[in-house]
Amino acid sequence: MKARNVDVVIVGGGMVGLTLACALKDTDLNVVIIERSESEARLSLGRDCRVSAIVAGTVDMLHGIGVWSQMEAQTQAIAAMRIWDDQRFGSIRFEAEEIERDALGYLVENSLLTHALLDVLHDARNIEWRCPAALDDVHWKASHVEVKLDDGSLLHTPLIVGADGGNSWLRSQAGIQVWSHRFGQRGIVATVRPQFNHRGIAYQRFLPTGPLAMLPMSGGLCSIVWSADDNEADRLMALDDDAFKEALQLAFGPQLGRIEEVGERAAFPLRSQLAKHMVRPRLALIGDAAHQVHPLAGLGVNLGIRDAMALAQELADARRFKEDIGSMDVLERMRRNRLPDVLAVMGSMEGFHHLFTSKIPGIPLLRGAGMRIVGNAGALKSLLMRRSTGLSLPLPKQIS
Ligand SMILES: Cc1cc2nc3c(=O)[nH]c(=O)nc-3n(C[C@H](O)[C@H](O)[C@H](O)COP(=O)(O)OP(=O)(O)OC[C@H]3O[C@@H](n4cnc5c(N)ncnc54)[C@H](O)[C@@H]3O)c2cc1C
């Protein structure tokens, strides 16, 4: 069969791969995006229990590519965040007004973001969405990549992008290894209905076994992400709904009154992982295919969206200046742009995780003191907030 030439092949149509495709819409690059299965919401009290806290800087990016306006009405603004530890040595509160915004970020169901991205791609003339489809084979040549799909069709492309998640098939085909650290924990997610309205506040309580987040959703519901050691996660998943509600109530405390209803639960193994190479000649890895972080700060997909936007900008610039878009000159620029941010987030997530689960005597007192110091240090606190909401990072030129 004769091969068709395309400019970019994206493997994986999750939130990150789709963001890259949307950011390349209306460029003169021809893009094929390959997704193996339609994404389906995992319902819990009628809502997708896979949610993401999308921070303010990422909202600006999604706004710039026309995605945010498609979904804004169904998101829940996070006006404030309250963090405290179970031993009550310290707590800290962040308010959106401290960074002069209406919201620190927004709680978004993953299926909502995926559908909004697909809606934006709907009328794109330069983007081809292949789903369900998978790759059978891939070969890297000096001038292009040969891609064979499972329906026998062949594509030749100067650049293939792996956005196919933490267990990336493309990454292993390229022989790229990962540094990986399992936390020995699982993140239990579910939708719950508390007695009192959350008023747009996201709560995070640090327990000795890991953090428990109660995140505000529209309709007065909350989404929980409860990270617990594997044995404890097994026990919690095995409880019936009433016993789980009781355990959750005990772990979270009385802030939102009684937990009145809890929906179906799902549990995900947690790990921190970094690909040893983010780029190779004619290959770029983005999103979870390149790095995975502990969900305690809710930054994983935010990092991936920043990767996608940075790559889109480099590709558009390279095409404008007639560079080879799969060359290391171009891909290295995106890697240099992204790596410091990725390493900073990974490092701080590891640090927070150890700080809040450490059994060393004296650590709870120290972290309590740390929270009080940061809480009272106006300038340092707002710097930290601008950093963690991505507002201190420049917007890609194309969309600023
Ligand atoms: C419990 C939990 C809570 C989280 N909460 C947050 C949060 O609040 N905020 C946040 O920013 N992040 C959060 N994250 C992280 C976030 O979910 C991930 O970072 C994000 O889903 C990564 O998106 P992705 O598109 O890179 O990968 P994925 O979501 O894994 O998508 C990969 C896509 O590739 C497809 N695919 C895989 N292999 C192939 C193949 N061979 N061919 C074709 N297609 C393929 C898959 O079907 C999938 O659609 C959380 C994670 C967990 C586990």
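**Notebook: ligand shell, helix H7, cores and odd backbone spots**

I began with the ligand and asked which elements surround it: helix H1 (15-24), strand E6 (51-55), strand E16 (178-194) and helix H8 (300-320) each supply at least two residues of the shell. I note at the outset that this model is predicted. H8 gives the largest share of the shell, four residues. The shell counts 33 residues, and the nearest to the ligand are Gly14, Gly165, Gly287, Gly298 and Gly300. I sorted the shell by residue class and got 15 nonpolar, 14 polar and four charged.

**Whole chain**

I counted eleven helices and 24 strands in the protein chain. The chain has 400 residues, of which 45% count as buried. I then checked contacts with a separation of 6 or more. Of these, 75% join residues 24 or more positions apart.

**Cores**

I looked up the largest nonpolar core and found 105 residues. Ile10, Leu20, Ile224, Ala284 and Ile286 touch the most other members. H8 contributes the most to this core, with nine residues. A second, separate core has six residues, including Leu299, Leu303, Val342 and Met346. In soluble globular proteins, nonpolar side chains tend to be buried together.

I followed Ile224 further. Leaving out residues up to four places away in sequence, Ile224 touches Val189, Ala190, Val192, Leu212, Ala213, Met214 and Leu248.

**Helix H7**

Leu248 led me to H7, where the buried residues are Phe244, Leu248 and Phe252. Seen down the helix axis, these buried residues fall within an arc of 55°, so they line one face of H7. What do they pack against? I found E16, strand E17 (201-207), strand E18 (210-216), strand E19 (222-229), helix H6 (230-238) and strand E20 (259-262). The face turned away from the buried side carries the exposed residues Asp242, Ala243, Glu246 and Leu250.

I also checked the length of H7. Its twelve residues, 241-252, reach 16 Å from the first C-alpha to the last, close to the 16 Å expected at 1.5 Å a residue. Gly253 follows H7 and has a positive phi, near 95°.

**Gly187**

I next picked a glycine in strand E16, Gly187. Is Gly187 buried or exposed? Gly187 has 22 other C-beta atoms within 10 Å. The cut-off for buried is 20 or more, so Gly187 counts as buried. I listed the contacts of Gly187 beyond four places in sequence: Val225, Ser227, Ala267, Phe268, Leu270 and Pro295. I took one of these, Ala267, for a distance check. Gly187 and Ala267 are 80 residues apart along the chain, yet their C-alpha atoms are separated by 5.4 Å.

**Backbone in the loops**

I found a cis peptide bond from Cys131 to Pro132, with omega near 0°. Pro132 sits in the loop between strand E11 (127-130) and strand E12 (135-140).

I then looked at positive phi outside glycine. Glu100 has a positive phi of about 55°. Glu100 is placed in the loop between strand E9 (91-95) and strand E10 (105-109). I counted 9 C-beta neighbours inside 10 Å, so Glu100 is exposed.

Lys322 is another non-glycine residue with positive phi, near 55°. Lys322 lies in the loop between H8 and helix H9 (328-357). With 6 C-beta neighbours inside 10 Å, Lys322 counts as exposed.

Methods: Residues numbered from 1 in each chain as written. Predicted model: local features only at pLDDT ≥ 70, side-chain atom pairs only at ≥ 80, totals over all residues. Near = placed C-beta within 6 Å. Nonpolar A, V, L, I, M, F, W, Y, C, P; charged D, E, K, R; others polar. Expected span 1.5 Å × (residues − 1). Buried ≥ 20, exposed ≤ 12 C-beta atoms within 10 Å, placed from the backbone. Arc of directions from axis to C-beta. Contact = placed C-beta atoms within 7 Å. Core = buried A, V, L, I, M, F, W, Y, C linked by C-beta atoms within 7 Å.
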